[in-house]
Amino acid sequence: MSSGWAHALGETALTILLPEADPLIREDFPAHVSVLFPFLHQDRIDSSVRRRLGELLRTHEPFGLTFAEFGRYPGVLYLDPWPADPVRALTKSVVDAWPECAPYRGIFGEDGLQPHLTLANSLGPEAAPAVYDALEAALTPLLPLTVTVRHVTLVTWDGTAWRDTERYALGTASPDQGP
């Protein structure tokens with residue numbers, strides 16, 4: 001998760017970690033596509049929430065994502081996942097179960113940002129387009145990147161960094177809980 005957001009101690013998020021994409025990232029966080037940021041505060045995540053979350057995520061089968069197209073938000077260079085619908089479906093099902101968890105705190109509307117893999121964002125909104133043009137040119141030979149998503153990871157802000165808290169398997173695979 002980006003360090004550009006103000007985070008509260010114990011804040012959590014649900015994310016798809018993509019270690020295969022780590023070499024593409026130009027920031028101090030692991031490659032990931034957010035499913036839901038923020039999720040419940042860690043103090044609200046008890047065995048009942050864990051069980052319910054695991055059951056909900058197992059209703060979604062593992063899926064593939066391909067990253068080949070760059071996109072930009074002000075100050076952010078990212079890759080679009082294709083297809084994005086499985087990520088959107090994960091987000092929708094979690095928000096339907098916990099409607100108090102608005103994607104990105106509702107800042108970007110009801111649906112939040114579109115799914116994306118942030119590559120660089122530390123330059124801020126005033127970043128010169130030429131900087132991201134050069135980064136795109138350097139990363140293009142590494143694309144397309146195709147991954148299989150089998151888990152969603154609950155991460156928790158410990159005051160310094162995001163820490164993997166639990167992993168939840170997608171589909172009928174046995175639950176895989178733990179960092």
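A nonpolar core, as used here, is a set of buried Ala, Val, Leu, Ile, Met, Phe, Trp, Tyr and Cys residues joined through side-chain atoms within 4.5 Å. Keep that in mind as you click through this predicted model.

**Get your bearings**

Start with a cartoon of the whole protein chain. You should find three helices and eight strands, and reading from the N terminus the order is β-β-α-β-β-α-β-α-β-β-β. Now colour by burial: 48% of the 179 residues are buried. Switch to a surface view and you have about 8900 Å² of accessible area, with 54% of that belonging to carbon and sulfur atoms. As for how the chain folds back on itself, take the contacts between residues at least 6 apart in sequence: 69% of them join residues at least 24 apart.

**Into the core**

Next, select Ile-16, Phe-39 and Leu-117. These are the residues with the most contacts inside the largest nonpolar core, which has 45 residues. Helix 2, residues 85-97, gives the most to this core, with five residues. Somewhere apart from it there is another core of seven residues, including Ala-13, Phe-37, Leu-113 and Val-155.

Stay on Leu-117 and show what surrounds it. Leaving aside residues up to four places away in sequence, Leu-117 touches Leu-18, Ala-21, Ile-25, Ala-31, His-32, Val-33, Phe-67, Leu-77, Tyr-78 and Leu-79.

**Along helix 2**

Select 85-97 for a look at helix 2 itself. Its 13 residues reach 18 Å from first C-alpha to last, close to the 18 Å expected at 1.5 Å a residue. Which residues of helix 2 are buried? Colour Val-87, Leu-90, Thr-91, Ser-93, Val-94, Val-95 and Ala-97 to see them. While you look at the spacing, remember that an α-helix has 3.6 residues a turn, so residues three or four places apart point the same way. Then bring back the neighbours: the cover over the buried residues of helix 2 includes strand 1 (12-17), strand 2 (32-36), helix 1 (47-58), strand 3 (63-73) and strand 7 (151-157).

**Ring hunting**

Now show the aromatic side chains. The structure holds six aromatic pairs. Zoom in on Phe-39 and Trp-98: their ring centres are 5.1 Å apart and their planes sit at 90°, so this pair is edge-to-face. Phe-39 is in the loop between strand 2 and helix 1, while Trp-98 is in the loop between helix 2 and strand 5 (117-120), so the pair ties together parts 59 residues apart in sequence. Are these two rings buried or exposed? Phe-39 is buried at 6% relative accessible area, and Trp-98 counts as buried at 4%.

Before leaving Trp-98, add Arg-52 to the selection. Arg-52 lies over the face of Trp-98, at 4.5 Å from the ring centre.

Hop over to Tyr-104 and Phe-108 for another edge-to-face pair, 5.8 Å centre to centre with 80° between the planes. Buried means under 20% relative accessible area, so Tyr-104, at 10%, counts as buried, whereas Phe-108, at 39%, counts as partly exposed. Widen the selection to Phe-37, Tyr-104, Phe-108, Trp-157 and Trp-162, and you have one aromatic cluster.

**Last stop: Tyr-132**

Finish in helix 3 (residues 129-139), where Tyr-132 lies. Tyr-132 is buried, at 4% relative accessible area. Draw a C-alpha to C-alpha distance from Tyr-132 to Val-76: they are 56 residues apart in sequence and 8.6 Å apart in space.

Technical notes
Residues numbered from 1 in each chain as written. Predicted model: local features only at pLDDT ≥ 70, side-chain atom pairs only at ≥ 80, totals over all residues. Heavy atoms only, no water. Buried < 20%, exposed > 50% of the residue type's maximum accessible area, 1.4 Å probe, protein only. Helix = DSSP H or I, 4+ residues; strand = E, 2+ residues; numbered from the N terminus. Contact = heavy atoms within 4.5 Å. Areas by Shrake-Rupley, 256 points an atom, 1.4 Å probe, with all protein chains shown as cover. Expected span 1.5 Å × (residues − 1). Phe/Tyr/Trp six-rings, centres within 6.5 Å; stacked < 30°, edge-to-face > 60°. Lys NZ or Arg CZ within 6 Å of the ring centre and 35° of its normal.
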